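Reader: Hey, I've got a structure to look through and I'm new to this. Can you walk me through it?
Author: Sure, let's put it up and start.

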Amino acid sequence: MNRPIASVSLDLDNLWTYMKTHGDTGWADYPSYLDIVVPRTLDILKQRDWHITWFIVGKDAEEPKHHAVLKQITEQGHEVGNHSYHHEPWLHLYSEAEIEAELARTEAAIEQATGVRPTGFRGPGYSYSPTLLNVLSRRGYAYDASTFPTFLGPIARLYYLASAKNLSAEEREKRQKLFGTFRDGLRPLRPYMWRTETGPLLEIPVTTMPFFKVPIHLSYLLYLGGFSRTLAKLYWRTALTLCRMTGIELSLLLHPLDFLGSDDTDRLSFFPAMKRPAAGKLKLVGELFDMLESAYTVVPMRDHANAILARTTPPIMYAEQ
Ligand SMILES: [Zn+2]
């Protein structure tokens, strides 16, 4: 059977990045769970012989104590991508010079840690701007993967910030586009080319449910699984079926918290799925991965980008602020 391809990527958000966005004290000590979550996730992927893309945060890549664990990612044949240096979901407010510095520093740090220079980018909290896209194109990136075409971004933001008690009015202002705006829901699910100053740049959106534009990434499925495993699997089956019917090649997004539980850290209990121990979550993750594998061939995002460009010329889009 000739199965369509699905790219899988993991945003390697560290413990401190969540605490920082949430305004929790202690983030500036850069607490980390990379030594737990990276080997655990690599093992799960190895069992399936899956190779995916890991979007790495520059600040973590620069830290020598993380180098051994990050090196395993490329040693096991995975792609590494750039997930910004400071992981600030208000990246769209940065000046051109700030974006340039942010990207360059992260590229150097990831290359130092893993031996490979990234050619794909995903903005923290799905943030992007025309300036960012221009800089990515100029720096020779093969693709951007920052858009998240869903109508539910503003609801996720309200939920996230409702429990963030330490944020000042100014800090809240910076987060007013966290997880995207309602208008992002109007963006296409299929890949397209951004028109930038230095030529076209491929965009591979995070796939959401065809027609309904509701999230289908793993964290959302696990959230549903907290109510009912049957519901989570039914929802995922519906998403896979609709993608196949509409000819959409999936780009599935993973996060470290999909592989961690309340027994790994108690500092992230503001996430609904982090109130449960890891074992039950991992069982459901395995079942959801089985379902993906039965319908799709899993590839890293770079391979997805190459496959798209080899067979079609995606439509050109203008970026709006
Ligand atoms: Zn992130």
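Author: Let's begin with a side-chain pair: E88 and K20 are joined by a polar contact of 3.0 Å. A polar contact is a pair of N or O atoms within 3.5 Å; within protein, one must be able to donate a hydrogen and the other to accept it, and residues adjacent in sequence count only if both atoms are side-chain atoms.

Reader: Before we go on, what kind of model is this?
Author: A predicted one: local features need pLDDT of at least 70, side-chain atom pairs count only at pLDDT 80 or more, and totals for chains, interfaces and linings use all residues. Residues are numbered from 1 along each chain as its sequence is written, and side-chain values use heavy atoms, with hydrogens and water left out.

Reader: Ok, back to E88. Which other side chain joins it in a polar contact?
Author: Y94, at 2.4 Å. Leaving out residues up to four places away in sequence, E88 touches K20, Y94, P124 and S127, where contact means heavy atoms within 4.5 Å.

Reader: And is E88 buried or exposed?
Author: Buried, because its relative accessibility is 16%. Buried means under 20% relative accessible area, exposed over 50%, and partly exposed in between (1.4 Å probe, protein chains only).

Reader: Where along the chain does E88 sit?
Author: In the loop between β3 (79–82) and α5 (96–114). Helices (H or I, at least four residues) and strands (E, at least two) are DSSP runs, numbered from the N terminus.

Reader: New topic: what holds the zinc ion?
Author: D13 (OD), H83 (NE2) and H87 (NE2) coordinate the zinc ion at 2.0 to 2.1 Å. Donors are N, O and S atoms within 2.8 Å of the metal (3.2 Å for Na, K and Ca); water is not among the atoms, so sites may look incomplete.

Reader: What spacing do those donors follow?
Author: Along the chain it reads D-x69-H-x3-H. H83 counts as buried, at 1% relative accessibility, and H87 does too, at 6%.

Reader: Cool. Now α2, which of its residues are buried?
Author: L34, V37, V38, T41, L42, I44, L45 and R48. They lie on the same side of α2, because they cover an arc of only 165° around the axis; the arc is that of the directions from the helix axis to the C-beta atoms.

Reader: What covers them?
Author: The cover includes β1 (5–11), β2 (53–56), α3 (58–62), α4 (67–75) and α11 (278–295).

Reader: And which residues are exposed on the other side?
Author: D35, K46 and Q47 are exposed there.
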